[in-house]
Amino acid sequence: MSSDPNCIFCKIVAGQIPAKKVHEDDELLVFHDIHPWAPVHVLVIPKLHIASHTDVTAEHVPLLGRMLALAPRLMKDLGVTNGFRTVLNCGPDGGQEVYHLHMHVMGGPRPWLKG
Ligand code: AMP
Ligand code: ZN
């Protein structure tokens, strides 16, 4: 399934619900988290609906590489100069709430709300 009509992040990809976008290309979308833990907190998502990290297969390897490679450039563009944290929650025990693969990238001066 490339898109799930009931998925909130697929709806953001489709422009059906708003988001504060910071980057978009053919495969990835990045937007600010609606409940930020840190002064800068964005979510990097594939446009393709992949429900969770456990659904990743070998064909997704280049996509995951692009997500990781994008993070430092995003943080630099958003003015983060002192390091950042990257988090990927998977499944119930991993604290995943939205079942569309996403990578949290957080930065900015501490203290943070959490993380
Ligand atoms: P996770 O626990 O890793 O599944 O995190 C899901 C994240 O998505 C949370 O940090 C939420 O604040 C964030 N989130 C949920 N809905 C939206 C939305 N409509 N726009 C932006 N961020 C969202
Ligand atoms: Zn989705």
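**Zinc site, strands and core of a predicted model**

With angles of 105 to 115° among its 4 donor atoms, the site of the zinc ion (ligand 2) is tetrahedral. The structure is a predicted model. Four residues supply the protein donors: Cys7 through SG, Cys10 through SG, His49 through ND1 and His100 through ND1. These donors lie 2.0 to 2.3 Å from the zinc ion. Along the chain, the donors follow the spacing C-x2-C-x38-H-x50-H. Cys10 and His100 link distant parts of the chain, being 90 residues apart. Cys10 belongs to helix H1 (residues 8-13). His100 sits in the loop between strand E4 (84-87) and strand E5 (103-107). Both Cys10 and His100 are buried.

Strand E3 (40-46) pairs with two other strands, E2 and E5. E2 and E3 run antiparallel and share 5 bridges. Within this pairing, Phe31 has Leu43 of E3 as its bridge partner. Val30 stands opposite Val44, also in E3. The pairing of E3 with E5 is likewise antiparallel, over 5 bridges. Here Val42 stands opposite Val105 of E5.

E3 is largely enclosed by the rest of the structure, because 7 of its 7 residues are buried. Both faces of the strand are covered. One side carries Val40, Val42, Val44 and Pro46, and these are all buried. The other side carries His41, Leu43 and Ile45, which are buried too.

Strand E2 (28-32) is mostly covered, with 4 of its 5 residues buried. E2 also pairs with strand E1 (residues 21-24), in the antiparallel sense, through 3 bridges. Glu24 finds its bridge partner in Leu29 of E2. The two strands E1 and E2 form a hairpin, with 3 residues between them.

Asp25 lies in the loop of this hairpin, between E1 and E2. Its relative accessibility is 19%, so Asp25 counts as buried under the 20% limit. The Asp25 side chain reaches the backbone nitrogen of Glu27 at 2.8 Å. Beyond its neighbours within four places in sequence, Asp25 is in contact with Lys47 and Arg66.

The largest nonpolar core holds 16 residues. Val44 and Val105 touch the most other members of this core. The elements giving two or more residues to this core are E2, E3, helix H2 (61-77) and E5. H2 gives the most, with 6 residues. The surroundings of Val44 draw on several parts of the chain. Residues up to four places away in sequence aside, Val44 touches Leu29, Val30, Met67, Leu70, Leu74, Leu101, His102, Met103 and Val105. Another core, of 8 residues, lies apart from the largest one. Among its members are Cys10, Ile12, Leu29 and Ile45. Cys10 is thus named twice, as a zinc donor and as a member of this second core.

Gln96 is placed in the loop between E4 and E5. His100 is in that loop as well. Gln96 is buried, with a relative accessible area of 7%. Its side chain makes polar contacts with the backbone at two residues. A polar atom of the Gln96 side chain lies 3.0 Å from the backbone oxygen of Ala51. The side chain also reaches the backbone nitrogen of Gly91, at 2.9 Å. Leaving aside neighbours within four places in sequence, Gln96 is in contact with Ala51, Ser52, Asn89, Cys90 and Gly91. Gln96 and Asp25, both in loops, are 71 residues apart in sequence. In space, they are 25 Å apart, C-alpha to C-alpha.

Pro109 lies in the segment after E5. Pro109 is exposed, as its relative accessible area of 64% is over the 50% limit. Pro109 and Phe84 are 25 residues apart in sequence. Their C-alpha atoms are 9.6 Å apart in space.

Conventions
Residues numbered from 1 in each chain as written. Chains lettered and ligands numbered in written order. Predicted model: local features only at pLDDT ≥ 70, side-chain atom pairs only at ≥ 80, totals over all residues. Heavy atoms only, no water. Donors = N, O, S within 2.8 Å, 3.2 Å for Na, K, Ca; no water. Tetrahedral: all angles 85-135°; square planar, octahedral: opposite > 155°, others 65-115°. Buried < 20%, exposed > 50% of the residue type's maximum accessible area, 1.4 Å probe, protein only. Core = buried A, V, L, I, M, F, W, Y, C linked by side-chain atoms within 4.5 Å. Contact = heavy atoms within 4.5 Å. Pairing = 2+ DSSP bridges. Polar contact = N/O pair within 3.5 Å; in protein donor to acceptor, adjacent residues only side chain to side chain.
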